[in-house]
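I opened a notebook to record what I looked up in this structure. The entries follow the order in which I took the ligands.

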Amino acid sequence: MLVNDKIIKRSSSVRLSSLVFTTLIFLSSLGASAQDGEKLFKQNCATCHLPTEKALVGPGLKGITERAPSEEWIVKWVKNPDAMIASGDAYANEIKEYSPTAMTAFGYLADEEIIAIIDYVKNYAPPVEVTPVTAEGAAEVSDSGTLDEGTLRNVLIAIGGLLLVLVFILSSVRRSLTQLVSEKEGVDAPEELGTWGSITHWMATHRGWSGVTILVGTLLFLQWGVQDLMNIGVYQGYKPTQPIAFSHKIHAGQNGINCVYCHTGAEKGKHSNIPSLNVCMNCHTYVQEGPSGTEEIGKIYAALDYNPETKVYGDNPTPLEWVRVHNLPDLAYFNHSQHVVVGKIECQECHGAMEEMGVAEQHSPLTMGWCINCHRETSVQVTDNGYYEDMHERTPSWHDGDPVTVERIGGLECAKCHY
Ligand code: HEC
Ligand code: HEC
Ligand code: HEC
Ligand code: HEC
Ligand code: HEC
Ligand code: HEC
């Protein structure tokens with residue numbers, strides 16, 4: 001009886017654990033596809049769609065599986081919207097008027113990938129608001145919690161000043177006391193040295209200590225001075241207030257908008273342009289309210305003299321001047337596409353995690369030493385790079401097995417960076 005009971009228990013627990021196991025596998029596979037769906041969505045769709053009800057360039061995709069005729073229909077639409085419209089499909093023709101911007105065709109996405117995107121949208125839950133708030137709060141705490149060098153120095157100077165004042169007070173008190181005592185005893189006061197006199201007297205009798213003090217003092221002074229000199233013209237961390245509270249965190253981070261969607265120039269030439277307000281209007285014709293309300297987005301409308309209710313542009317636009325964050329002196333030549341396209345360097349290597357910045361700031365020092373260090377350490381991308389493959393073939397000295405750094409292609413020559 002007892003044995004039987006045990007056997008039954010055991011087999012049911014085996015069944016239970018295998019059930020748990022299969023459920024786990026099932027759930028983890030769900031998790032994986034949801035993740036792929038998210039990534040695919042951010043890469044391909046996020047510039048025009050949100051997974052919520054809110055519209056961007058295209059309609060918000062929440063509830064799409066209930067709206068559209070079928071999942072199959074959605075797959076076909078995403079692969080080729082124009083063909084769907086041309087085929088006379090009723091729903092496609094109903095939505096085609098939605099926006100003057102036509103939806104891109106995604107012929108290269110596999111059916112499963114599109115289904116993964118649909119699953120991601122279906123299961124999308126907006127992130128809980130609390131997280132970013134605490135993250136920012138924490139950043140603020142750690143900001144004020146750490147003493148930066150400047151503050152530390154001021155504190156030291158203040159303490160030094162206080163000590164000096166204390167020495168003066170004490171020594172003058174001591175002087176008056178000695179005088180009082182001598183007067184009372186009717187003895188001549190001992191020879192008065194004065195404060196400066198006592199200091200030199202002390203120094204004369206404590207040569208070792210005073211030597212060390214003078215040496216340490218001089219070294220500290222020099223180090224501070226040199227550091228100040230080296231930091232002239234270095235604006236690392238510069239973070240000016242902008243005329244519109246534009247946030248890279250909201251756009252490049254939370255909404256996954258690609259950097260070059262706005263900064264098209266980075267891949268084309270010397271300068272990364274700042275997008276014109278018309279680019280903003282691709283989305284803000286529809287997105288009229290942000291997490292902090294309508295005021296900041298309203299400034300775009302005000303500058304363009306646009307009426308968001310009637311959707312009509314007036315003829316009185318005022319130019320908007322963004323405050324420049326980065327400012328290389330004119331004597332230096334820097335080219336974005338050389339680094340981004342040919343050198344294949346990520347924006348973040350030089351600009352830091354822009355996608356986490358609420359206010360844009362200068363991440364790197366932008367000094368000559370900074371440019372040169374990277375040119376010494378970084379190899380040029382020779383393979384899969386039409387620009388260099390040919391040159392690599394024709395330059396025997398590059399075949400010695402050492403990495404071909406930027407330095408070796410002439411990246412330390414003065415004239416490369418100076419006109
Ligand atoms: C360039 C902008 C753009 C991109 C990128 C884009 N779409 Fe669209 N999408 C639109 C527009 C605009 C519409 C509305 C139809 C129209 O005006 O052509 C639309 C409509 C849709 C619809 C039908 C919506 C409805 O409410 O019935 C689906 C589904 C859809 N898109 C899915 C996707 C998916 C999935 C991706 C990414 C693989 C994607 N779209 C990428 C612009 C875009
Ligand atoms: C939706 C458009 C948009 C996207 C996407 C975007 N930016 Fe920006 N970016 C701007 C605007 C507008 C400014 C000017 C206002 C400011 O400084 O905040 C700017 C400023 C900057 C600056 C400072 C420019 C200066 O004045 O020196 C840098 C650097 C920058 N962006 C890099 C990036 C990187 C890297 C990404 C991708 C992670 C990115 N941006 C994505 C619109 C965008
Ligand atoms: C590809 C779409 C897109 C483009 C382009 C775009 N935005 Fe946005 N913007 C958004 C979305 C989405 C939100 C957030 C809406 C939300 O979360 O409620 C937003 C929010 C904002 C906010 C509100 C921030 C807050 O705290 O309330 C401002 C201001 C803003 N954008 C300015 C700009 C400016 C300036 C440009 C052009 C340089 C621009 N946006 C370009 C999609 C875009
Ligand atoms: C190798 C380092 C490096 C990389 C990589 C890089 N930048 Fe820059 N960026 C700079 C420097 C240096 C400046 C200052 C240029 C100046 O003042 O002339 C700058 C300036 C900018 C500016 C201000 C406008 C301008 O051109 O002066 C923007 C916007 C910008 N970068 C965006 C980007 C984006 C977006 C990417 C990625 C696609 C990127 N950067 C990649 C170094 C870099
Ligand atoms: C993150 C690393 C990095 C930083 C920082 C950097 N560069 Fe470069 N730079 C490269 C790479 C990699 C190349 C090689 C690109 C190529 O293959 O042509 C390059 C190439 C160049 C070239 C062309 C050299 C040649 O011989 O053709 C110039 C000019 C240049 N950089 C200027 C600058 C200046 C000016 C700065 C600082 C403001 C700077 N770079 C900062 C990585 C960097
Ligand atoms: C990889 C790019 C690069 C190379 C190579 C380079 N420089 Fe520079 N140089 C810069 C940048 C960027 C600045 C501006 C930095 C600043 O103001 O802090 C600069 C600044 C200077 C300045 C002005 C310093 C000041 O404080 O205003 C002088 C002088 C100078 N460089 C000389 C040279 C000489 C000489 C060479 C060759 C041996 C050389 N540079 C090679 C990028 C370079």
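The entries below cover three ligands of this predicted model.

**Entry: ligand 3**

I began with the iron atom of ligand 3 and asked which protein atoms serve as its donors. They are NE2 of His-251 and NE2 of His-284, lying 1.9 Å from the iron. I then looked up where the two histidines sit in the chain. His-251 belongs to helix H11 (residues 248-254) and His-284 to helix H13 (residues 277-284). The two are 33 residues apart, so I noted that the pair links distant parts of the chain.

Next I checked the geometry. There are 6 donor atoms around the iron of ligand 3, and the angles they subtend run from 85 to 179°, which makes the arrangement octahedral.

I also asked of His-284: buried or exposed? Its relative accessibility is 11%, so His-284 counts as buried, the cut-off being under 20%. His-251 has 22% relative accessibility and therefore counts as partly exposed.

**Entry: ligand 5**

I turned to the surroundings of ligand 5, which has 22 residues around it. Those that come nearest are His-339, Cys-371, Cys-374, His-375 and Tyr-388. The space that ligand 5 takes is the second largest pocket. Three helices give two or more residues each to the shell: H15 (336-342), H17 (368-377) and H19 (414-417). H17 provides the largest share, with 4 residues.

I then listed polar contacts of ligand 5. A polar side-chain atom of His-339 is 2.8 Å from a nitrogen atom of the ligand. For His-375, a side-chain N or O atom lies 2.8 Å from a nitrogen atom of ligand 5. Ile-409 takes part through its backbone: an N or O atom there is 3.2 Å from an oxygen atom of ligand 5.

**Entry: ligand 1**

Last I looked up ligand 1 and asked how many residues are around it. I found 24, of which Cys-45, Cys-48, His-49, Tyr-91 and Met-103 come nearest. Helices H2 (64-67), H3 (71-79) and H5 (90-95) each supply at least two residues of this shell. The largest share, 3 residues, is from H3.

I noted three polar contacts here as well. A polar side-chain atom of Tyr-91 lies 2.5 Å from an oxygen atom of ligand 1. In the side chain of Trp-77, an N or O atom is 3.4 Å from a nitrogen atom of ligand 1. Lys-96 contributes a polar backbone atom, 3.3 Å from an oxygen atom of ligand 1.

Definitions and conventions: Residues are numbered from 1 along each chain as its sequence is written. Chains are lettered from A and ligands numbered from 1 in the order in which they are written. This is a predicted model: local features need pLDDT of at least 70, side-chain atom pairs count only at pLDDT 80 or more; totals for chains, interfaces and linings use all residues. Side-chain values use heavy atoms; hydrogens and water are left out. Donors are N, O and S atoms within 2.8 Å of the metal (3.2 Å for Na, K and Ca); water is not among the atoms, so sites may look incomplete. Four donors count as tetrahedral if all angles lie between 85 and 135 degrees; four count as square planar and six as octahedral if opposite donors are over 155 degrees apart and all others between 65 and 115; anything else is irregular. Buried means under 20% relative accessible area, exposed over 50%, partly exposed in between (1.4 Å probe, protein chains only). A residue is near a molecule or strand if one of its heavy atoms lies within 4 Å of it. A polar contact is a pair of N or O atoms within 3.5 Å; within protein, one must be able to donate a hydrogen and the other to accept it, and residues adjacent in sequence count only if both atoms are side-chain atoms. On a 1 Å grid over the protein atoms alone, a cavity is a set of points where a 1.4 Å probe fits but cannot get out, and a pocket is an open set with protein on both sides within 12 Å along at least five of seven lines; lining residues have an atom within 4 Å of a point. A molecule sits in a cavity or pocket if more than half of its atoms lie within 2 Å of its grid points.
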